[in-house]
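Here's a quick briefing to read with the structure open beside you. Take it one topic at a time and find each part as you go.

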Amino acid sequence: MAQAPIQFDRASGALEGANLWERTAALALVTGSKISSHFSHMGYIACANLLRKALAERNIAIKLNSDAVFEFPYGDGYWSKLLNRSYHYEDELELLFAGSADVDYTLIDCGANYGYWSVLISSAPFGAHKAIAIEPSSDNFAKLSNNAAVNDHRFECMRVAIGASRGTARLSGTKHEKFSIAGPGGGEEVPVIALDNLIDDGKVAATGKYLIKLDVEGLEIEAIKGGARLLQADSVIMCEEHGSDRSHAVSRYILEETPLKLIVLDPRSNRLETVTELSILDRIKVSTHVGYNVFGTASAFWQDRIDALNAKTARRMQ
């Protein structure tokens, strides 16, 4: 029988159910996150995964807020940064999500991994929104489904990949946060759907409000091509731009090939800025080994909401 998960509360810092070695490992994981945060956490994942080999296989359940629990294998290099209470995962997304708690929208969480955003967005402090978590990897999907169960099955899980059209593909990659169908894959075969197939299959309505997270490891442009109808609704797409891509391919496609406005979080102003040329990304994308989220929308509603968030930020800074 598997051991009960270790419990960690992000609000209080309480760590419960851990033995002495697991507590020592937690201190190492937190210290490593704080030190490596000064250089975009370079090397953290490799060091954490090395430490994980010395730990018994066991989950940790992190209480993200009063209504959200996120479980993953203890010592996981990608997610263990959450033990550092000063760490914030994807600030630019949380800014929009937290500022839209009162909006009746659905999250379409493409490349959901273990379901962090679906867990959070479906929680009461973030507005208890409907979420559809989409993840192609069977290993990841098992952990995603577990997080749905831990949180009372309040969001839907789909084991498919997102592309330009229906079909099948094979996964490539060895890291759970980097699985992709973009390259030559020798891994498991997975079904592929387009975003607009969610309308065809009755998963979402053609009209409505949507926040669409596209973390699909190189297939962002294909996913946008397959979501033309959905993007005509009141939608925002949130796409990852990799720091190593100095051509800014995803942002270039949004700006030059779609009717969407391109919006990025400028760390200098902490504002979501609408941009018309790409040189700002040369300044923002300072680390080559991490991803940066950019937004695209043709929705007047969401543009107004973003303007209101910027105004709120400006008042706080005065």
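In this predicted model, strands β3 and β4 make a hairpin, with 2 residues sitting between them. A second hairpin, built from β13 and β14, has 4 residues between its strands. After those two, we'll look at a residue in helix α10, Asn310.

**The β3–β4 hairpin**
- β3 covers residues 59–65, and its pairing with β4 is antiparallel, with 6 bridges.
- To see the pairing up close, find Lys63 and look across to β4: the residue opposite is Val69.
- β4 spans residues 68–73, and 5 of its 6 residues are buried, so the rest of the structure largely encloses this strand.

**The β13–β14 hairpin**
- Here residues 261–266 (β13) run antiparallel to residues 271–275 (β14), and the two strands share 5 bridges.
- One pair to look for is Val264 with its bridge partner Glu273, which belongs to β14.
- Check out Asn270 in this hairpin too: its phi is positive, near 55°.

**Asn310 in helix α10**
- Helix α10 runs over residues 300–317, and Asn310 is part of it.
- Is Asn310 buried or exposed? Its relative accessible area is 3%, and buried means under 20%, so Asn310 counts as buried.
- Leaving out residues up to four places away in sequence, Asn310 touches Arg271 and Leu272.
- With Leu272 there's a specific atom to find: the side chain of Asn310 reaches the backbone nitrogen of Leu272 at 2.9 Å.

Notes:
Residues are numbered from 1 along each chain as its sequence is written. This is a predicted model: local features need pLDDT of at least 70, side-chain atom pairs count only at pLDDT 80 or more; totals for chains, interfaces and linings use all residues. Side-chain values use heavy atoms; hydrogens and water are left out. Buried means under 20% relative accessible area, exposed over 50%, partly exposed in between (1.4 Å probe, protein chains only). Two strands pair if DSSP finds at least two bridges between them. A polar contact is a pair of N or O atoms within 3.5 Å; within protein, one must be able to donate a hydrogen and the other to accept it, and residues adjacent in sequence count only if both atoms are side-chain atoms. Contact means heavy atoms within 4.5 Å.
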